[in-house]
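New to this one? Here's a quick tour of the parts worth a look, so pull up the model and follow along.

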Amino acid sequence: MAITSANQLELLQTAEAVAREKMIDPELVIQAMEDSLARAAKSRYGAEMDIRVTIDRKTGRAKFTRVRTVVEDEAVENYQAEVTVKQAKQYLADPQLGDEIIDEVPPVELGRIAAQSAKQVILQKVREAERDRQFDEFKDRKGTIINGVVKREEYGNLIVDIGRGEAILRRNEKIGRESYRPNDRIRAYIKDVRREARGPQVFLSRTDPQFMAELFKMEVPEIYDGIIEIKAVARDPGSRAKIAVISNDSSIDPVGACVGMRGSRVQAVVGELQGEKIDIIPWNADQATFLVNALQPAEVAKVVIDEEAGKIEVVVPDEQLSLAIGRRGQNVRLASQLTGLDIDILTEAEESSRRQAEFAERTKLFVDALDLDEFFAQLLVAEGFTSLEEVAYVDLDELLAIDGVDDGTASELQARARDHIEELNRKATEAARALGVEDSLFDFDGLTPQMIEALAKDDVKTLEDFATCADWELAGGWTTVNGARVKDEGILEKFEMSLEEAQQLIMTARVQLGWVDPSELAGETEAEDGEEEAEV
């Protein structure tokens, strides 16, 4: 593609041919040619000059011009491309700052090296335009299914021809041990499209939960039309999956529509997913009901939800435990992903023994701390009292509601509870000071002496130490390591501190230390409240 000033019409023909081949706008190719010719001209006339080239879109004639810009006297840096107002008066009647003086210069005859350089510039520009076109084409298809042909395999990753470009299906995005050969047809989900230095990269997936959701959308017209909605999907690729659906039309059964006549619809999806077993579950706004559905085929006896911790306990009959958990924990893991809750499964026997242990522990606490007989302590526990603080600071009427408790007994119970708590606080204060806790932590509202002692044992001894803690370090939580849930014990977890309470205390400490602007904190809180109201 050597370009000279003689083959003017050939410029337009070349631009058309390249544009057709690369499926880009011919104007982009012509602009690339203009840039390459301008660069070649600068090497001839001088790099300091502002040489511009325009190609006539009808004749192909290349017009070379030198441009000089009018600037202030003291602002002249490049005398080849800039002139002062005074100098410009030779060329312009009334020159103003920013005006341009344009002079036509003789066209440049490109030698072999210059022509090769111009060709490289054009090819580079064309490649960039082609990449932009590919990115624009595929970025809007993210989240959809695409059909392609396998071109080759590189280190376990598949390079797939998707028409006007290539995509990559990484080894960990393939289902199980499925293998493909060159020229095999493949269907996959466009998981991501990124603009990278070497061009747009299209990443495919066959393990993404949304791949299954999109397959159902293709097989079930009611989902495509919006009559049935997919609310949640969870997959163990190649093995088992759960999908929760709801119908916006009471006359249509969402599960039956997804299964199809004699299972034809769901079988089409199962076939594409290499035999993956799929549980289709009716979605329900009530968390407990939805969870019972999600744990199918196991039967559930009772569900206990801890909304603050975002955790849920499920009690199942003893003979249903293995079915509820599933092979290698698969059933409960998928149900957890589907509902977005941490799920603990207990048998009825385990729950009963745990309740008995908690009952005995609380009874012993009241016997030892309040100097009560066992029967009276059991009565307190049976009425729902779980801690000394509840007895000490509860409204007196709640104690009087217990059979056999009069005003004198209730007042005595509260006095004993408060005395015991004060004694515990005194000992905790002494222990914390012995460990080196500073007054800044004692003066901080929201922490009891017993909490401060627990913090000191974990080497948190100043307000600054406390302000650097994370909420989960205080309240505890769960993390997933290699697919298994692992418990993180919180420093203050035994005091039943929630994540929200821990976060509030930490932010208050940071405000007091001047690390956080209170007005910014208030703004964030208002924004969060506004989002919650919008959701409602």
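What follows is a short overview, then notes on helices and a few backbone details.

Keep in mind that this is a predicted model. The chain holds 22 helices and 17 strands. Of its 536 residues, 39% are buried. Looking at contacts with a separation of 6 or more, 53% come from residues 24 or more positions apart.

**Helix α11, tucked inside**

- Start with α11, which covers residues 330-339: 8 of its 10 residues are buried, so the rest of the structure largely encloses this helix.
- The buried residues of α11 are Q330, N331, V332, L334, A335, S336, L338 and T339.
- What do the buried residues of α11 pack against? Their partners are the strands β10 (228-236), β11 (240-247), β12 (277-282) and β15 (342-347), along with the helices α9 (287-294) and α10 (321-325).
- Right after α11 comes G340, with a positive phi near 75°.

**How α12 and α13 pack**

- Next, find α12 (residues 348-370) and α13 (residues 374-382), which pack with their axes 8 Å apart and at an angle of about 125°.
- That angle lies outside the ranges for roughly parallel, perpendicular or antiparallel, and α12 and α13 are therefore oblique to each other.
- Is the crossing of α12 and α13 left-handed or right-handed? It's right-handed.
- On the α12 side, the contact is made by F359, R362, T363, F366, V367 and L370.
- On the α13 side, the contact uses E374, A377, Q378, L380, V381 and A382.
- Sorted by class, the contact of α12 with α13 has 8 nonpolar residues, 2 polar ones and 2 charged ones.

**The two sides of α13**

- Which residues of α13 are buried? They are F376, A377, L380 and V381.
- Viewed down the axis of α13, these buried residues fall within an arc of 145°, so they line one face of the helix.
- A bit of background helps here: an α-helix has 3.6 residues a turn, so residues three or four places apart point the same way.
- The cover over the buried residues of α13 includes α12, α15 (396-400) and α16 (407-434).
- Flip to the other side of α13 and you'll find E374, F375 and A382 exposed.
- A377, L380 and V381 turn up twice: they are buried residues of α13, and they also take part in the contact with α12.
- E374 and A382 belong to that contact too, although both are exposed.

**Backbone details in the loops**

- Some background first: most residues other than glycine have a negative phi, and most peptide bonds are trans.
- D371 isn't a glycine, yet its phi is positive, near 55°.
- You'll find D371 in the loop between α12 and α13.
- D371 has a relative accessible area of 63% and is exposed.
- R262 is another non-glycine residue with a positive phi, this one of about 55°.
- Look for R262 in the loop between α7 (254-259) and α8 (264-272).
- Is R262 buried or exposed? With 84% relative accessibility, R262 counts as exposed, as the cut-off for that is over 50%.
- Finally, there's a cis peptide bond from Q296 to P297, with omega near 10°.
- P297 sits in the loop between α9 and β13 (302-306).

Technical notes:
Residues are numbered from 1 along each chain as its sequence is written. This is a predicted model: local features need pLDDT of at least 70, side-chain atom pairs count only at pLDDT 80 or more; totals for chains, interfaces and linings use all residues. Side-chain values use heavy atoms; hydrogens and water are left out. Axes are lines fitted to C-alpha atoms, for helices over the stretch in contact, and angles run from 0 to 180 degrees between N-to-C directions. Helices (H or I, at least four residues) and strands (E, at least two) are DSSP runs, numbered from the N terminus. Angles under 35 degrees count as roughly parallel, over 145 as roughly antiparallel, 65 to 115 as roughly perpendicular and the rest as oblique. A crossing is left-handed if the near helix is turned anticlockwise from the far one by less than a right angle, and right-handed if clockwise. Contact means heavy atoms within 4.5 Å. Ala, Val, Leu, Ile, Met, Phe, Trp, Tyr, Cys and Pro count as nonpolar, Asp, Glu, Lys and Arg as charged, and the others, Gly among them, as polar. Buried means under 20% relative accessible area, exposed over 50%, partly exposed in between (1.4 Å probe, protein chains only). The arc is that of the directions from the helix axis to the C-beta atoms.
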